[in-house]
Amino acid sequence: RFGRAQVDLFASPESSHCQLFYSLTEAPLGRDALAHSWPRGLLNLLAQTLCKIREDEEQVLLVAPYWPTRTCPFLEDSPEEGPSFSGGGHDLAPASRPVEPPRVAPGRDTADLAGLPQAVVDTITQAKAPSTRQAYALKWGLFADWCSSRREDPQRCSIGVVLAFLQVGLEQRLSPSTLKVYVAAIAVHHDAVDGRSLGKHHLITRFLRGARRLKPPRPRLFPSWDLSVVLWGLRGAPFEPLGSVEPKFLSLKTALLTVLASIKRVGDLQAFSVNEECLEFGLADSHVILRPRPGYVPKVPTTPFRDQVVNLQALPLEEADPALALLCPVRALRIHVDRTRSFRCSEQLFVCFGGQQKGNAVSKQRLAHWVVDAITLAYESQGEPCLLGVRAHSTRSVASFYALAHGASLADICRAAGWATPNTFARFYNLRLEPVSSR
């Protein structure tokens with residue numbers, strides 16, 4: 001009913017039901033479940049688990065004790081509906097969720113916003129994205145519970161209490177970037193210290209700097225999938241003939257080709273629109289220009305608008321390899337736009353292809369699933385084993401590495417990907433592979 005399990009979390013060599021399993025602590029045959037990425041597919045411990053599930057947007061089968069008298073604070077105010085699934089897995093888009101009402105943080109905001117009309121308060125609280133507000137509320141709830149168990153006031157506790165909480169997280173193998181989010185969430189609610197925000201306190205900044213030295217980021221130096229295998233898979237069934245395949249395979253292939261050719265984030269992909277001001281095909285579909293919808297703010301807000309625009313050239317027909325045209329992103333986008341016109345209810349470029357949400361705008365999380373599913377299906381079509389641990393974000397490192405290996409300038413790659421400096425590519429995205437051939 002729920003699909004076949006790929007990994008057993010919080011298991012041991014004796015209790016595991018899967019070949020791949022994680023344990024509670026590092027062991028010769030196990031890995032810490034809370035310190036590693038989970039392949040798709042306790043009060044204090046349960047809270048950490050649910051926190052990771054929400055942060056990583058995982059889909060898991062959770063077997064937990066039934067504790068009607070115990071609660072998880074960060075879930076109490078989350079009347080969200082789960083995703084709507086078909087019998088074939090997670091092919092359909094998630095059901096629509098109610099918009100989270102704006103929340104005023106206690107402490108500083110209470111005094112600053114006191115006496116203002118409610119409409120003004122609602123507008124001010126919208127300064128942060130809903131996902132940011134949700135993440136902050138979740139982490140603040142965990143910190144507040146931790147303080148309550150120690151009879152500390154989370155709003156007015158000393159810097160030492162905050163540092164002790166961060167140290168516990170560091171010892172539980174939370175990454176420095178995650179600890180930084182905790183600091184930002186606590187700073188929103190905590191009273192100012194010496195007239196300054198908690199996040200700017202010199203001890204907090206030095207702690208985070210020390211955490212980064214103790215636990216430097218470890219980017220993946222080798223891709224978890226082979227681009228050549230995926231491209232071969234996209235040239236055949238179930239992705240071709242593209243004009244008549246199921247809308248599911250059309251959407252998956254188009255999303256993957258677009259994200260590979262543009263080196264954009266999935267969030268940038270979601271911002272593209274079919275509005276005539278945002279989508280422009282060249283004469284005889286020689287190229288396509290994709291512009292983000294008006295008002296879209298990229299992850300790097302300083303990115304110039306010209307760098308947010310994607311101009312994809314059509315692949316030329318080659319006598320030596322006529323099937324190469326089957327990988328043309330311009331062709332895929334043209335067919336996708338034409339075939340979804342009859343049922344689309346949104347101007348967003350990518351829309352749901354089935355279920356109750358058919359035609360509605362697809363979420364960023366669902367787009368990421370599409371990219372991963374396209375890679376997995378391409379492998380399966382070649383008779384290769386199913387992959388584990390593939391992430392949609394890996395397309396940026398794979399595509400940028402191949403572009404650099406084929407002669408693209410590093411400046412052009414950084415401009416297309418939205419990286420402020422080449423250091424970002426060198427530190428986090430440059431793969432350690434031998435130079436690839438011109439094929």
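Colleague: Happy to look at this with you! Which side chain does His 287 join in a polar contact?

Modeller: Glad to help, and please keep in mind that this is a predicted model. His 287 sits in strand S2. The polar contact runs from side chain to side chain over 3.2 Å, and the partner of His 287 is Ser 286.

Colleague: Leaving aside neighbours within four places in sequence, which residues is His 287 in contact with?

Modeller: His 287 has its place in strand S2. With neighbours within four places in sequence set aside, the contacts of His 287 are Glu 280, Phe 281, Gly 282, Asn 311, Leu 312, Gln 313, Ala 314 and Val 330.

Colleague: Let's turn to charges. How many salt bridges does a search of the whole structure find?

Modeller: In general, side chains of opposite charge can pair when their charged atoms come close. One of the pairs here is Arg 156 with Asp 153, at 3.1 Å from N to O. Over the whole structure, the number of salt bridges found is 10.

Colleague: Staying with that pair, is Arg 156 exposed or buried?

Modeller: Its salt-bridge partner, Asp 153, has 33% relative accessibility and counts as partly exposed. For Arg 156 the relative accessibility is 56%, and because the cut-off for the top class is over 50%, Arg 156 is exposed.

Colleague: How many residues apart in sequence are the parts that Asp 285 and Arg 334 tie together?

Modeller: Asp 285 and Arg 334 form a salt bridge, with their closest N and O atoms 3.1 Å apart. Asp 285 belongs to the loop between strands S1 (279-281) and S2 (287-290), while Arg 334 belongs to helix H13 (residues 329-340), so the parts tied together are separated in sequence by 49 residues.

Colleague: And which residues are joined with Asp 285 into one network?

Modeller: Asp 338 and Arg 341 also meet through their side chains in a salt bridge, at 3.3 Å from N to O. Asp 338 is partly exposed, at 35% relative accessibility. Through shared salt-bridge partners, the residues in one network with Asp 285 are Arg 334, Asp 338 and Arg 341.

Colleague: Now for helix H10: how far apart are its end C-alpha atoms?

Modeller: Helix H10 covers residues 247-262, which makes 16 residues. At 1.5 Å a residue the expected span is 22 Å, and the model agrees, because the end C-alpha atoms are separated by 22 Å.

Colleague: Is H10 largely enclosed or exposed, and which residue follows it?

Modeller: Of the 16 residues in H10, 14 are buried, so the rest of the structure largely encloses this helix. Next comes a residue with a positive phi, near 55 degrees, and that residue is Ile 263.

Colleague: Which residue offers a backbone oxygen 2.8 Å from a polar side-chain atom of Gln 348?

Modeller: Gln 348 is found in the loop between H13 and helix H14 (364-381). Its relative accessible area is 12%, so Gln 348 is buried. Beyond four places in sequence, its contacts are Gln 270, Phe 272, Ser 273, Val 274, Ala 361 and Val 362. The backbone oxygen at 2.8 Å is that of Val 362.

Colleague: One last thing: what is the area of the nonpolar surface patch that includes Ile 124?

Modeller: Ile 124 lies in helix H4 (residues 118-125). With 41% relative accessibility, Ile 124 counts as partly exposed. Together with Leu 116 and Val 120, Ile 124 makes a nonpolar surface patch of about 220 Å².

How values were computed
Residues are numbered from 1 along each chain as its sequence is written. This is a predicted model: local features need pLDDT of at least 70, side-chain atom pairs count only at pLDDT 80 or more; totals for chains, interfaces and linings use all residues. Side-chain values use heavy atoms; hydrogens and water are left out. Patches are made of residues with over 30% relative accessible area and no salt bridge: like charges are joined within 9 Å, nonpolar side chains (Val, Leu, Ile, Met, Phe, Trp, Tyr) within 5 Å. Accessible areas come from the Shrake-Rupley method with a 1.4 Å probe; for residues, only the protein chains shown count as cover. A salt bridge is a side-chain nitrogen of Lys or Arg within 4 Å of a carboxyl oxygen of Asp or Glu. Helices (H or I, at least four residues) and strands (E, at least two) are DSSP runs, numbered from the N terminus. Buried means under 20% relative accessible area, exposed over 50%, partly exposed in between (1.4 Å probe, protein chains only). The expected span of a helix is 1.5 Å times one less than its number of residues. A polar contact is a pair of N or O atoms within 3.5 Å; within protein, one must be able to donate a hydrogen and the other to accept it, and residues adjacent in sequence count only if both atoms are side-chain atoms. Contact means heavy atoms within 4.5 Å.
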